[in-house]
Amino acid sequence: MDSPTDLLTIDEAARRLGIEPRRIKQLVRDRQLFLVTAPDGSRAVPAEIITQGEHGWEPLWNLPGTLTLLADGGFSDEEAVAWLHTEREELGGTPMEALLAGRHHLVNTIAGTLAF
């Protein structure tokens, strides 16, 4: 499994999104974003899930549906992040790479079959 390596502090992510840092926690609760543990032990936002959109920086638009499917299937937040960054033969890469390429339908089809 490859973990995201380009990480933003919560303050950096909030600045990029043009919001208060406290709003990042709400976006995580709403499954718009997720947090990972940085090498220094702090919580951070992977830069790859904040993308340049039509109106500036925004959370990756197709991530919430996938995170919700994984949560509904019994995945913890940590398990969901691990799954998103694990190579899948049927995708020819990781689910995160597929989401970034706009291939969310296939990712969500696979995620929907993983309930336990």
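## A walk through the fold, starting from two helices

Let's begin with a pair of helices: H3 and H6 pack against each other at an angle of about 10°, and their axes lie 9 Å apart. Keep in mind as you look around that this is a predicted model. Those two values are the usual way to talk about such a pair, since two packed helices are described by the angle between their axes and the distance between the axes. Angles under 35 degrees count as roughly parallel, and H3 and H6 are therefore roughly parallel to each other. Which residues make the contact? From H3 come Gly65, Thr66, Leu69 and Leu70, while H6 brings Val107, Asn108, Ala111 and Gly112. Sort the residues of this contact by type and you get four nonpolar, four polar and no charged.

From here, step into the largest nonpolar core, which has 30 residues. Within this core, the members that touch the most others are Ile24, Phe34, Ile49, Leu63, Trp83 and Leu84. Six helices each put in at least two residues: H1 (10–17), H2 (22–29), H3 (63–72), H4 (77–84), H5 (95–100) and H6 (104–112). Which of them gives the largest share? That's H4, with four residues. As a general point, nonpolar side chains tend to be buried together in soluble globular proteins.

Leu84 is a handy place to see the core from the inside. Setting aside residues up to four places away in sequence, Leu84 touches Phe34, Leu63, Thr66, Leu67, Thr94, Pro95, Met96 and Leu99. Phe34 and Leu63 are themselves on the list of core members that touch the most others.

Val81 is in H4 too. Is Val81 buried or exposed? Its relative accessibility is 12%, and the cut-off for buried is under 20%, so Val81 counts as buried. Beyond its neighbours within four places in sequence, Val81 is in contact with Phe34, Leu35 and Val36. Phe34 is thus touched by Val81 as well as by Leu84. For a sense of distance, try Val81 and Ala111: they are 30 residues apart along the chain, and 12 Å separates their C-alpha atoms. Ala111 is one of the H6 residues in the contact with H3.

Now for the strands. Three of them form an open sheet in the order E1-E3-E2, with antiparallel pairing. E1 (7–9) and E2 (36–37) are the edge strands, each pairing on one side only. E1 is joined to E3 (residues 43–46) by three bridges, and here Leu7 stands opposite Pro46. Helix H1 packs on the sheet, touching E1 and E3, and its direction makes about 90° with that of E1.

Ala13 sits in that helix, H1. With a relative accessible area of 0%, Ala13 is buried. Which residues does Ala13 touch, not counting those up to four places away in sequence? Leu8, Ile24, Val45 and Ile50. Two of these can be placed on the sheet by number: Leu8 falls in E1 (7–9), and Val45 falls in E3 (residues 43–46). Asn62 is 49 residues from Ala13 along the chain, and their C-alpha atoms are separated by 18 Å.

Ile50 leads us on to another pair of strands. E4 (residues 50–53) and E5 (residues 56–59) run antiparallel and are joined by four bridges. Ile50 has Pro59 as its bridge partner in E5, and Gln52 stands opposite Trp57. Together E4 and E5 form a hairpin, with two residues between them.

Glu54 has its place in that loop between E4 and E5. The cut-off for exposed is over 50%, so Glu54, at 77% relative accessibility, counts as exposed. That's the opposite of what you saw for Ala13, which is buried at 0%.

Our last stop is Arg31, in the loop between H2 and E2. Its relative accessible area is 30%, which makes Arg31 partly exposed. The backbone deserves a look here: phi of Arg31 is near 60°, a positive value in a residue other than glycine. For comparison, most residues other than glycine have a negative phi. Arg31 and Glu54 are 23 residues apart along the chain, with 21 Å between their C-alpha atoms.

Note on methods: Residues are numbered from 1 along each chain as its sequence is written. This is a predicted model: local features need pLDDT of at least 70, side-chain atom pairs count only at pLDDT 80 or more; totals for chains, interfaces and linings use all residues. Side-chain values use heavy atoms; hydrogens and water are left out. A nonpolar core is a set of buried Ala, Val, Leu, Ile, Met, Phe, Trp, Tyr and Cys residues joined through side-chain atoms within 4.5 Å. Buried means under 20% relative accessible area, exposed over 50%, partly exposed in between (1.4 Å probe, protein chains only). Contact means heavy atoms within 4.5 Å. Two strands pair if DSSP finds at least two bridges between them. Axes are lines fitted to C-alpha atoms, for helices over the stretch in contact, and angles run from 0 to 180 degrees between N-to-C directions. Angles under 35 degrees count as roughly parallel, over 145 as roughly antiparallel, 65 to 115 as roughly perpendicular and the rest as oblique. Ala, Val, Leu, Ile, Met, Phe, Trp, Tyr, Cys and Pro count as nonpolar, Asp, Glu, Lys and Arg as charged, and the others, Gly among them, as polar.
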